[in-house]
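Reader: I am new to protein structures and would like a close look at a single part. Please pick one spot, start there, and then show me what lies around it.

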Amino acid sequence: MGKIATYNNMVNQKNIKTRPKYGRPCDNCSIRRVKCGNVIPCPNCIRHNLPCTNDRGRRKKGPKNVRPKTMESIYRRYNLSENSEEVTIYNFQPQVMLAELIPFFQVYQTWFYEIWPIVSVAQLTSSVSRKDLCELDVNHQNIQSYALCCALAGALKQHIDCLSPSEKIFEVPNNVSSADFISECLRARNFCDYRSNPTIESVLVSFFLHVYYSSAKSNTSAILYLKEAIAIAELLGLHDITKYSNKPREEKHRLRNIYYILVVAERFTSLEADFSVLLDASLPYEQSSVGDLSQIVKVFALPDKSFFMKRFNCNISVKMIPGIQDELYKIRIGENSSEIQKVNILLSKSWMQSLVWNFCNEKEFPNRLPNDCFSTNYPIQIARDLLETTQTVPFYAFETNGPCVTTKLLTVAESLSDAINENNFSIGYNALTSVLEIISRLNSNSNFIPSVLQQKLHQISQWSWTNSFKFGDPMKVQMLDENEYIEEEANSRVDRWSPMSSYSVFYEATGDFNV
């Protein structure tokens, strides 16, 4: 009792201020993590002869934003139905209007459905809109469909923005950017926690995110979303033929299309990024179900999947090469194919033929015959066939197929350069420069020739009698002379050598491209 009385007398003498009702520990008690009194100075500070202060800043409580999983947990807490299975999402408000999505649906259906026949525009539109009103109605049942709408619109917007102004054959609104569509897509799919409930829409969203980031040249993000699409597809059993048995015919065709689109994307990307190929091209498909997509599938399915993985030994033997090249040669385009799909098929075919020839050339297979698929004449024939079959195709058909066109044309040019260098062929000059012209038109503002190909082109110029290629309109290619190349090599600037300056590629951009 004596100690308490002494303390009370001390408090009265110092005219103590009372703390606010909510209480806040002083600085010393906060550091020591002990209970603080309701007075200043507090008993703990008096006991230890410490200055009692409350000068530290106030911290905001809790996270700045409610995390998607936390928000979903809150909805599950208050919106559970009697059977405890259905969750209603009331508070998700779409930030994109249906009127902003419709133009992209029309562009997809008219120009891109033949390349990616995996989305039913009519079904997608009806799933996210009200029947009586032309506006979006997003709920827990269709929120992944809404995410797919935004992913498709974002991928197409980015794709269209990369086209040359003179080559744009369709117009889309500019009030919403591609980045805004993608941001809204990610917000929607994270809100519904798509990883806990993956669907076919989840596969398609990841695929179109891959398309978007590929067009934006963000390779790491593009690869990650492609891998995610493949993983979800395998979880859903798209690789298992038994999963298709009880489905309607149209749904079977659509699911096969999705699977083979992923097969093509994975095998093409693996050559660039050097990662393992997971999907097999063993799922049966019907010509009537996929149309010209079957020809693209055939291009990528003919070589074994180990062919697309650089780090592994390819299982293709010398005896298999003629059969593969013969089957590739037989690939033809349909009569009703669009110009965009024609370029897609013909260029993919020539690209694969050149890849297989490069593989044989690196392995140095013996017994080459002048006119067989192992000879140095073969890349010249590949390039000539490509140029001949696409000479009447408008240039927008090349651009609309995206950044993969440049990669495929560079492979054709590389095999052509190897063939010319091996035998000092002059007959391949015209084909080589025509291929380079297409590449330069596709990449007029970037350094698009890899250093390896630059060196091969320089080797051609070293033994060329005039040290340059001379052409009339619409282009002229001027090669570096020997002294210039030695100086570049000494300064370690080969990787930064731009053909736009070093080759001085000039051309006239006239409507349709004609060889």
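Author: Let us start at Asn401, which sits in the loop between α17 and α18 (404-423). Helices here are DSSP runs of H or I with at least four residues, strands are runs of E with at least two, and both are numbered from the N terminus. The model is predicted, so local features need pLDDT of at least 70 and side-chain atom pairs pLDDT 80 or more, while totals for chains, interfaces and linings use all residues. Residues are numbered from 1 along each chain as its sequence is written, and side-chain values use heavy atoms, with hydrogens and water left out.

Is Asn401 buried or exposed? Asn401 counts as buried because its relative accessibility is 11%; buried means under 20% relative accessible area, exposed over 50%, and partly exposed in between (1.4 Å probe, protein chains only). The side chain of Asn401 has two polar contacts to describe, each a pair of N or O atoms within 3.5 Å (within protein, one must be able to donate a hydrogen and the other to accept it, and residues adjacent in sequence count only if both atoms are side-chain atoms). One goes to the backbone oxygen of Ala397, at 2.7 Å. Another goes to the backbone oxygen of Ile340, at 3.0 Å. If we set aside residues up to four places away in sequence, Asn401 touches Ile115, His159, Ile340, Val343 and Asn344, where contact means heavy atoms within 4.5 Å.

Now look at α17 (396-400), which is one of the helices that the buried residues of α5 pack against. The others are α6 (121-128), α7 (143-161) and α8 (178-191). Helix α5 itself covers residues 98-112, and its 15 residues reach 20 Å from the first C-alpha to the last, close to the 21 Å expected at 1.5 Å a residue. That expected span is 1.5 Å times one less than the number of residues. Among the buried residues of α5 are Leu101, Phe104, Phe105, Tyr108 and Phe112. An α-helix has 3.6 residues a turn, so residues three or four places apart point the same way.

Leu98 also belongs to α5, and it counts as buried because its relative accessible area is 8%. Not counting neighbours within four places in sequence, Leu98 is in contact with Ser129, Cys134, Glu135 and Leu136. Leu98 and Thr125 are 27 residues apart in sequence, yet 8.6 Å apart in space from C-alpha to C-alpha.

Thr125 brings us to the pairing of α5 with α6, where Ile102, Phe105, Tyr108 and Gln109 in α5 meet Val121, Leu124 and Thr125 in α6. These two helices pack at about 160°, with axes 10 Å apart. The axes are lines fitted to C-alpha atoms over the stretch in contact, and angles run from 0 to 180 degrees between N-to-C directions. The helices α5 and α6 are therefore roughly antiparallel; the cut-offs are under 35 degrees for roughly parallel, over 145 for roughly antiparallel, 65 to 115 for roughly perpendicular, and oblique for the rest. Their crossing is right-handed: the near helix is turned clockwise from the far one by less than a right angle, while anticlockwise would make it left-handed.

Follow another partner of α5, namely α8, and you find 14 residues reaching 20 Å, close to the expected 20 Å. Phe181, Ile182, Cys185 and Phe191 are among the buried residues of α8. Just past this helix, Asp193 has a positive phi of about 50°, and this residue belongs to the loop between α8 and α9 (200-215).

Return to the loop where we began and step into α18, which packs with α16 (residues 378-389) at about 140°, with axes 8 Å apart. That makes α16 oblique to α18, and the crossing of these two helices is left-handed. In this pair, Pro379, Ile380, Ala383 and Leu386 of α16 meet Leu409, Val412, Ser415, Leu416 and Ala419 of α18.

Finally, step back to the whole chain, which has 22 helices and 2 strands. Of its 515 residues, 48% count as buried. Among contacts between residues at least 6 apart in sequence, 70% join residues at least 24 apart.
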